[in-house]
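Biologist: Let us go through this model together. I will ask, and you reason from the coordinates.

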Amino acid sequence: MPDNHNLKELVSAVAARKAEFADLIVALAPDLSSQAILPTELALELSTALHDLEERATGHDPLYKLVNDHTAPALALNESGQVVALNVGAAQLFDMQSGDGLVALGISPEAFHQFKERLATAQGPTLLKAYRKGSDEHALPLILVGMYHQKLKTFVLNALQQHWPESIDLAFADVFGLSASERHILALLSRGCSSEEIAGERGSSVATVRQQIKSLLQKLGAKSQVQAATMAASAATAMDTVTTKGDLLSVHYDNYPMSIHELFREQRRIGWRRFGKPGGRPVLFLHGPSFGAGDFPDERRLAAQFGLDVIAVERAGYGRTEPSDKTEDPLESQCHDILAVLGSLSISKVTILSHEVALIPALALMQHSGIQINGVVSVSAAPPFKELEQINAMPAHQAIFIQAARHAPWLARLLIRLLILRMRKLGPEQWPKVIFEGVEPDEHVIRKNSLKQGVVAAYGFYVNQLGAGYLEDLRIMIQDWGHLLETPNLPLTLIHGSHNASTPLSHLNIFRGINPDIPIELVEGEGLTLAVSQTERIYETLATIAGANNLLAGAQ
């Protein structure tokens with residue numbers, strides 16, 4: 001067993017990036033292959049040290065720096081409208097947390113689309129109106145000034161707090177429908193001018209100005225001139241917090257959007273997303289731990305082109321879906337979450353796409369009545385862990401988590417917290433290094449510029465609950481789930497890369513040993529990242545299965 005003091009120092013050094021994660025693996029490996037694991041007392045000490053380190057690491061997180069550099073309420077949204085970071089002011093103002101969507105801001109998808117269109121056509125900040133939770137239809141909106149951050153593929157919004165630039169002036173015209181005259185009057189109101197003073201400034205009669213002010217108040221949703229003046233003054237003051245013109249958003253930013261939703265099951269929040277072709281052939285997407293849930297633009301594009309209506313349920317501990325109660329079976333809980341989402345949409349028949357460990361809930365779902373499954377397309381799945389050699393064959397920095405979970409849950413939690421800490425230090429663009437560094441061809445694929453937008457978007461999805469989702473995955477992975485594969489005529493297709501280092505080709509024989517009829521499609525030269533490098537092949541397979549079953553149902 002390693003010396004407790006030295007181990008604690010090593011964990012701190014790894015967290016501070018003064019030592020490599022591989023060094024910690026080497027130190028822990030001997031005990032993880034035996035029963036002599038670390039004492040619980042040390043876990044408490046290490047967890048306390050990690051908590052302090054996590055607090056410091058948050059300050060280095062580029063997304064959090066974007067919003068915490070502002071004194072006014074500020075938040076960052078990804079390109080689908082999901083909150084990926086917010087400062088204390090925004091959390092209090094909107095009563096929201098990271099992972100929430102546009103609904104929590106009272107912003108409609110249409111308004112968000114128009115906001116992005118303005119950013120795509122005119123460089124500079126623009127406006128977006130939001131509403132606090134529980135606001136009635138007569139409530140005064142909160143005005144946010146927004147910019148696009150190209151490097152992080154993120155929208156940064158600041159709550160508006162006495163002149164404004166042309167881009168803000170155009171936003172008042174677009175968002176509120178104000179005419180040039182009304183915008184001029186609004187600017188004068190923000191300086192505290194009376195109706196008489198405005199009339200003198202504009203060379204109009206007082207009666208005309210009062211009528212224009214009345215129209216202006218109606219368009220703004222304001223109940224008084226004071227409210228309108230406050231909104232206008234806020235717009236002017238907020239420009240002091242904007243230190244950059246912002247980046248010009250690509251005109252193709254929103255060709256294939258994704259909507260963000262949630263529901264509650266027994267007081268647990270379940271997040272889900274929808275993309276593709278509304279009303280098309282239903283596909284249930286069960287994501288793995290590595291590539292988000294519809295965060296890569298090619299997924300959304302291909303889903304639309306193949307006519308697939310994709311429902312992506314955020315599995316427990318990822319995105320916004322809260323982990324299951326520790327007394328509840330995690331696999332059953334995930335099945336009930338999925339059925340609750342599909343039930344809310346009155347969807348009773350689906351084709352399933354699963355990534356990696358999500359094959360397990362996909363198979364478990366087949367045991368439930370009330371849902372018909374055309375087929376399951378499983379990408380990069382690992383078979384049940386029947387032999388220790390399977391784990392030892394994996395890259396050490398991936399295997400360590402499974403080894404830890406097999407020995408003690410607290411040790412797995414400790415390692416996952418350290419993993420998230422390293423991800424935050426690496427930031428939204430580089431975080432996949434914790435999974436793929438030194439693993440080819442995956443490392444080469446994930447660095448491609450064409451995947452950058454999805455990588456950045458998936459970052460917030462993964463770290464939002466400090467790795468709780470990965471811990472939930474470990475809970476179901478170490479169970480014996482082989483019996484779920486024994487169903488005769490199982491409608492399952494496995495797609496696997498020939499260079500998958502996590503699950504070498506020889507381990508696929510475990511699938512064949514349990515059920516010889518399971519088809520396995522090998523993709524030469526690909527690794528775990530084939531989920532994002534071979535997206536067209538995957539979605540074409542999905543469309544074929546969904547279409548064939550629809551034709552069969554029609555013939556019957």
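Biologist: Is Gly106 buried, partly exposed or exposed?
Modeller: This is a predicted model. Gly106 sits in the loop between α5 (88-94) and α6. Buried means under 20% relative accessible area and exposed means over 50%. Gly106 has a relative accessibility of 36%, so it counts as partly exposed.

Biologist: How far apart in space are Gly106 and Phe94, C-alpha to C-alpha?
Modeller: Gly106 belongs to the loop between α5 and α6. In sequence, Gly106 and Phe94 are twelve residues apart. In space, their C-alpha atoms are separated by 9.4 Å.

Biologist: Which value does phi of Asp95 take?
Modeller: Asp95 is another residue of the loop between α5 and α6. Its relative accessible area is 54%, over the 50% cut-off, so Asp95 is exposed. Asp95 is not a glycine, yet its phi is positive, near 50 degrees.

Biologist: How is the aromatic pair of Phe112 and Phe115 classed?
Modeller: Both residues lie in helix α6 (residues 109-121), three residues apart, about one turn of the helix. Their ring centres are 5.9 Å apart, with 20 degrees between the planes. Planes under 30 degrees apart count as stacked, so the class of this pair is stacked.

Biologist: Are Phe112 and Phe115 buried or exposed?
Modeller: The cut-off for buried is under 20% relative accessible area. Phe112 has 3%. Phe115 has 0%. Both values fall under the cut-off, so Phe112 and Phe115 are buried.

Biologist: Which residues do ring pairs link into a cluster with Phe112 and Phe115?
Modeller: The count of aromatic pairs comes to ten. Ring pairs join Phe112 and Phe115 to two further residues in a cluster. Those are Tyr148 and Phe155.

Biologist: Which strands are the edges of the eight-stranded sheet?
Modeller: The sheet is open, with mixed pairing, in the order β6-β7-β9-β8-β10-β11-β12-β13. An edge strand here pairs on one side only. The edges are β6 (258-265) and β13 (520-523).

Biologist: By how much are neighbouring strands of this sheet turned against each other on average?
Modeller: The order of the open sheet runs from β6 to β13. With direction ignored, its neighbouring strands are turned on average by 20 degrees.

Biologist: Which residue in β11 stands opposite Leu353?
Modeller: Strands β10 (residues 349-355) and β11 (residues 372-379) run parallel. Six bridges join them. Opposite Leu353 stands Val377.

Biologist: What is phi of Gln267?
Modeller: β6 and β7 pair antiparallel over eight bridges. Their hairpin has two residues between the strands, and Glu266 there has a positive phi near 50 degrees. Gln267 is in the loop between β6 and β7, and at 76% relative accessibility it counts as exposed. Its phi is also positive, near 70 degrees.

Biologist: At what angle do the axes of α13 and α21 cross?
Modeller: Helix α13 (residues 330-344) lies across β6, β7, β8, β9 and β10. Its contact with α21 includes Pro330 and Leu331 in α13, and Arg475 and Ile476 in α21. The contact residues divide into three nonpolar, one polar and three charged. The axes of α13 and α21 come within 9 Å and cross at roughly 115 degrees.

Biologist: Which peptide bond is cis, with omega near 5 degrees?
Modeller: The proline involved lies in the loop between α18 (433-436) and α19 (442-446). That residue is Pro441. The cis bond runs from Glu440 to Pro441.

Note on methods:
Residues are numbered from 1 along each chain as its sequence is written. This is a predicted model: local features need pLDDT of at least 70, side-chain atom pairs count only at pLDDT 80 or more; totals for chains, interfaces and linings use all residues. Side-chain values use heavy atoms; hydrogens and water are left out. Two strands pair if DSSP finds at least two bridges between them. Helices (H or I, at least four residues) and strands (E, at least two) are DSSP runs, numbered from the N terminus. Axes are lines fitted to C-alpha atoms, for helices over the stretch in contact, and angles run from 0 to 180 degrees between N-to-C directions. Contact means heavy atoms within 4.5 Å. Ala, Val, Leu, Ile, Met, Phe, Trp, Tyr, Cys and Pro count as nonpolar, Asp, Glu, Lys and Arg as charged, and the others, Gly among them, as polar. Rings of Phe, Tyr and Trp (its six-membered ring) pair if their centres lie within 6.5 Å; planes under 30 degrees apart count as stacked, over 60 as edge-to-face and the rest as tilted. Buried means under 20% relative accessible area, exposed over 50%, partly exposed in between (1.4 Å probe, protein chains only).
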